[in-house]
Amino acid sequence: MGKTVSIYGAGLAGLVAGIHLARSGFKAVVYDREDGIGGSKQIHPSIHTTPLQPEETWDYIGMDLSSCFKRTDKYPDFWYNTKRLTLPPYVKNNTAWNAERGAQEGSLDRKLYEIALREGVEFIFNRNLTLDELRAAPAGSIIATGLYREIYDLVGVKCGTTYGYMASAPCHPGESTGALYMGDYSVDYGYSASMNGLMYVLLFSRTPLKKKKIEEFKEVLKKTEHLSFDNWHSFNGFFPRETKLHWEDKILAGTLSGMIEPFWGYGVVGALLSGKVAGLLHTDPERAEKDFRKFTAGFKAKLARKEKMDKLPFSKMFLRLSILKARYDCWRNPALKNAVREPVRWF
Ligand SMILES: Cc1cc2nc3c(=O)[nH]c(=O)nc-3n(C[C@H](O)[C@H](O)[C@H](O)COP(=O)(O)OP(=O)(O)OC[C@H]3O[C@@H](n4cnc5c(N)ncnc54)[C@H](O)[C@@H]3O)c2cc1C
């Protein structure tokens with residue numbers, strides 16, 4: 001067994017990093033503050049929707065996770081308050097995929113955990129790493145602790161707050177649906193998604209949501225998808241406002257490294273890729289640095305553009321106007337209708 005590498009966080013990035021290292025002859029030890037795999041029970045089980053380039057992604061991370069991803073029946077419906085927006089025709093060529101998160105059978109976390117155990121990765125649960133322990137971690141340790149504020153502060157990554165309100169309920173196991181919601185109730189957006197018999201909804205906002213706004217969103221869900229839930233709860237998380245691969249002599253991965261979002265790439269795929277980048281820093285550092293630069297190119301500009309748009313007094317109206325303009329462009333140039341214009345392509 002080769003050198004030991006400690007990995008903090010048994011989420012998507014930490015698990016992929018551990019698997020890569022174990023396969024490369026290292027002893028990978030993954031620590032997590034929860035009592036088992038699947039992250040915080042306040043947040044999961046949940047369903048995440050993401051753009052995905054399956055072949056390229058499996059090829060890059062060195063494992064086929066297709067059993068955990070289900071294409072949504074159609075590209076997510078887009079609701080503006082209770083009005084369904086007709087998106088530009090090329091959207092029909094786009095794809096969106098659902099993945100289940102948490103500890104359950106069928107979840108992405110569980111699948112990665114099983115692969116990791118087979119590869120010989122060691123797990124130590126119930127270890128809430130303190131900031132002092134992280135500071136004193138051996139050189140080359142990988143920090144992949146996700147969306148917790150105190151760790152951003154420790155490693156000096158700028159971040160913003162996001163407030164989330166979520167709920168779930170059982171649904172037909174064959175369903176794989178997706179819908180996006182924008183409206184007067186949030187400066188950001190909400191989504192619904194279902195797969196493996198779980199219907200999940202989440203409303204995001206970068207400003208705290210008043211009770212009245214949450215009630216408005218609930219009404220929208222009833223009127224649009226006929227959804228109602230009785231187990232709503234809230235959480236706060238922190239999202240990165242910059243990208244960073246190194247902190248002192250340690251490696252950052254997943255959310256903490258900035259491999260999340262800009263502009264609707266969301267976080268699942270970024271976390272998987274970033275786990276591989278973190279592992280590669282031990283086996284092929286030059287390639288790791290190059291891949292990280294490629295995956296995070298444009299982050300700053302996209303985030304700045306989004307935040308600028310959000311500050312415009314009529315940002316929601318601009319959204320509707322830009323959809324109208326895209327539809328008009330497709331009408332003028334029918335070739336556009338068949339073009340693939342995914343919001344984010346990693347490869
Ligand atoms: C509610 C919610 C909904 C989301 N929806 C979507 C979506 O629809 N589509 C999408 O693409 N992305 C979505 N995301 C983003 C996606 O989940 C993340 O990008 C992805 O999980 C990041 O992976 P990670 O490995 O960085 O962190 P995580 O997967 O969050 O894992 C972090 C791990 O670190 C552990 N940990 C934290 N602190 C410590 C500590 N001090 N000591 C030890 N262990 C610690 C945690 O217990 C956890 O297991 C969503 C995120 C949330 C929170």
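Before I start on the sheets, a note to self: two strands pair if DSSP finds at least two bridges between them. I also keep in mind that this is a predicted model.

**Entry 1: the seven-stranded sheet**

With that rule in hand, I traced an open sheet of seven strands, and I read their order as β6-β5-β11-β12-β13-β10-β14, with mixed pairing. I then looked for the edges and found β6 (83–84) and β14 (233–240), each pairing on one side only. At the β6 edge I followed strand β5 (residues 77–80), which pairs with β6 in the antiparallel sense over two bridges. There I picked out Tyr80, whose bridge partner in β6 is Lys83.

Next I asked myself which strands helix α6 touches. Helix α6 (residues 211–225) packs on this sheet and touches β5, β10 (159–170), β11 (177–182), β12 (190–195) and β13 (198–205). I noted that the direction of α6 makes about 140° with that of β13.

**Entry 2: the three-stranded sheet**

I found another open sheet, this one of three strands in the order β3-β7-β4, with antiparallel pairing. Here β3 and β4 (69–71) stand at the edges with a single partner strand each, so one side of each has no neighbour in the sheet. From one strand to the next, I noted an average twist of 30°. I counted three bridges joining β4 to strand β7 (residues 97–101), and the two run antiparallel. Within that pair, I saw Lys70 opposite Asn98 in β7.

**Entry 3: around the ligand**

I turned to the ligand and found 36 residues surrounding it, the closest being Gly11, Gly146, Gly254, Tyr266 and Gly267. The elements giving two or more residues to this shell are α1 (12–23), β3 (46–50) and α7 (268–283). Which of the elements gives the most to the shell? I found that it is β3, with four residues. Sorting the shell by class, I got 15 nonpolar, 17 polar and four charged residues.

**Entry 4: the nonpolar cores**

A reminder for this page: in soluble globular proteins, nonpolar side chains tend to be buried together. In this model, I found that the largest nonpolar core has 57 residues, and that Leu12, Val16, Ala17, Ile142, Ala144 and Ala253 have the most contacts inside it. Helix α7 supplies the largest share of this core, nine residues. I looked up Ala144 and, leaving out residues up to four places away in sequence, listed its contacts, among them Ile7, Tyr8, Ala17, Ala253 and Leu256. Apart from this core I found another, of 22 residues, including Trp79, Tyr200, Val201 and Leu202.

Terms used
Residues numbered from 1 in each chain as written. Predicted model: local features only at pLDDT ≥ 70, side-chain atom pairs only at ≥ 80, totals over all residues. Near = placed C-beta within 6 Å. Nonpolar A, V, L, I, M, F, W, Y, C, P; charged D, E, K, R; others polar. Contact = placed C-beta atoms within 7 Å. Axes fitted to C-alpha atoms, helices over the stretch in contact; angles between N-to-C directions. Core = buried A, V, L, I, M, F, W, Y, C linked by C-beta atoms within 7 Å. Buried ≥ 20, exposed ≤ 12 C-beta atoms within 10 Å, placed from the backbone.
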